[in-house]
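The following note is offered to a colleague who is beginning to read protein structures. Please keep the sequence and the structure in view while going through the numbered points.

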Amino acid sequence: MLPFKNILSPTDFSEPSYKAIKFAGELAAHFRSKLVVLHVVALTPVLRSGEVPTTFDIKDFQQRLEEDAWKQLNEVTDKLLPKDVKDFAPV
């Protein structure tokens, strides 16, 4: 088998994606590969003026979504990745 230099493991914080992260971590440890674990936070849609009046702070909500995603990503990778994965980047 050819050695992997880079491994990408996307996650939506579901159990199947956790299994994929664990397997990707094992591969990264075995091949001494760079591992990138990716989670995408969708942008919050902005209402056009006149649609629905709101006092909802969209920027604050988006920031909280991103902070929560980072927290979950760090918790998941700390729990699932082997400690001998040397080159790791959560994105």
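**Notes on the predicted model**

1. Phe61 has a relative accessible area of 33%, so this residue is classed as partly exposed. Its class follows from the cut-offs, because partly exposed covers the range between buried, under 20%, and exposed, over 50%. Phe61 is located in helix H2. Please bear in mind throughout that the model is predicted.

2. Phe61 also belongs to a nonpolar patch on the surface, together with Phe56 and Leu65. The accessible area of these three residues together is about 250 Å².

3. The overall plan may now be set out. The protein contains 2 helices and 3 strands. Read from the N terminus, the order of these elements is β-α-β-α-β. The protein has 91 residues, and 25% of them count as buried.

4. Which residues form the salt bridge with the closest N and O atoms 3.1 Å apart? The partners are Asp60 and Arg64. In general, side chains with opposite charges can pair when their charged atoms come close. Both Asp60 and Arg64 belong to helix H2, where they are 4 residues apart, about one turn of the helix. A search of the whole structure gives 1 salt bridge.

5. The two partners fall into separate exposure classes. Asp60 has a relative accessibility of 30% and therefore counts as partly exposed. Arg64 has a relative accessibility of 54% and therefore counts as exposed.

6. A further feature of the surface concerns charge. Glu66, Glu67, Asp68, Glu75 and Asp78 form a negative surface patch. One of these residues, Glu66, is placed in helix H2, which spans residues 58-80. Because its relative accessibility is 35%, Glu66 counts as partly exposed.

7. The loop between strand S1 (6-10) and helix H1 (15-31) deserves separate attention, and Thr11 is located there. Is Thr11 buried or exposed? Its relative accessibility is 7%, so Thr11 counts as buried.

8. The side chain of Thr11 takes part in two kinds of contact worth locating in the structure. A polar contact of 2.8 Å links the side chain of Thr11 to that of Ser17. In addition, a polar atom of the Thr11 side chain is 2.9 Å from the backbone nitrogen of Phe13.

9. Phe13 is likewise situated in the loop between S1 and H1. Although Phe13 is not a glycine, its phi is positive, at about 65 degrees. With a relative accessibility of 16%, Phe13 counts as buried, because that value is under the cut-off of 20%.

10. Where does Arg32 lie? Arg32 is in the loop between H1 and strand S2 (34-38). Arg32 is not a glycine either, yet its phi is positive, at about 55 degrees. What is the exposure class of Arg32? At 77% relative accessibility, Arg32 counts as exposed, whereas Phe13 counts as buried.

11. For a second reading, three places may be revisited. In the loop between S1 and H1, Phe13 combines a loop position with a positive phi. In helix H2, Asp60 and Arg64 are joined by a salt bridge. On the surface, the nonpolar patch includes Phe61, and the negative patch includes Glu66.

Key:
Residues are numbered from 1 along each chain as its sequence is written. This is a predicted model: local features need pLDDT of at least 70, side-chain atom pairs count only at pLDDT 80 or more; totals for chains, interfaces and linings use all residues. Side-chain values use heavy atoms; hydrogens and water are left out. Patches are made of residues with over 30% relative accessible area and no salt bridge: like charges are joined within 9 Å, nonpolar side chains (Val, Leu, Ile, Met, Phe, Trp, Tyr) within 5 Å. Accessible areas come from the Shrake-Rupley method with a 1.4 Å probe; for residues, only the protein chains shown count as cover. A salt bridge is a side-chain nitrogen of Lys or Arg within 4 Å of a carboxyl oxygen of Asp or Glu. Lys and Arg count as positive and Asp and Glu as negative; His and the chain ends are not counted. The place of a charge is taken as NZ of Lys, CZ of Arg, CG of Asp or CD of Glu. Buried means under 20% relative accessible area, exposed over 50%, partly exposed in between (1.4 Å probe, protein chains only). A polar contact is a pair of N or O atoms within 3.5 Å; within protein, one must be able to donate a hydrogen and the other to accept it, and residues adjacent in sequence count only if both atoms are side-chain atoms.
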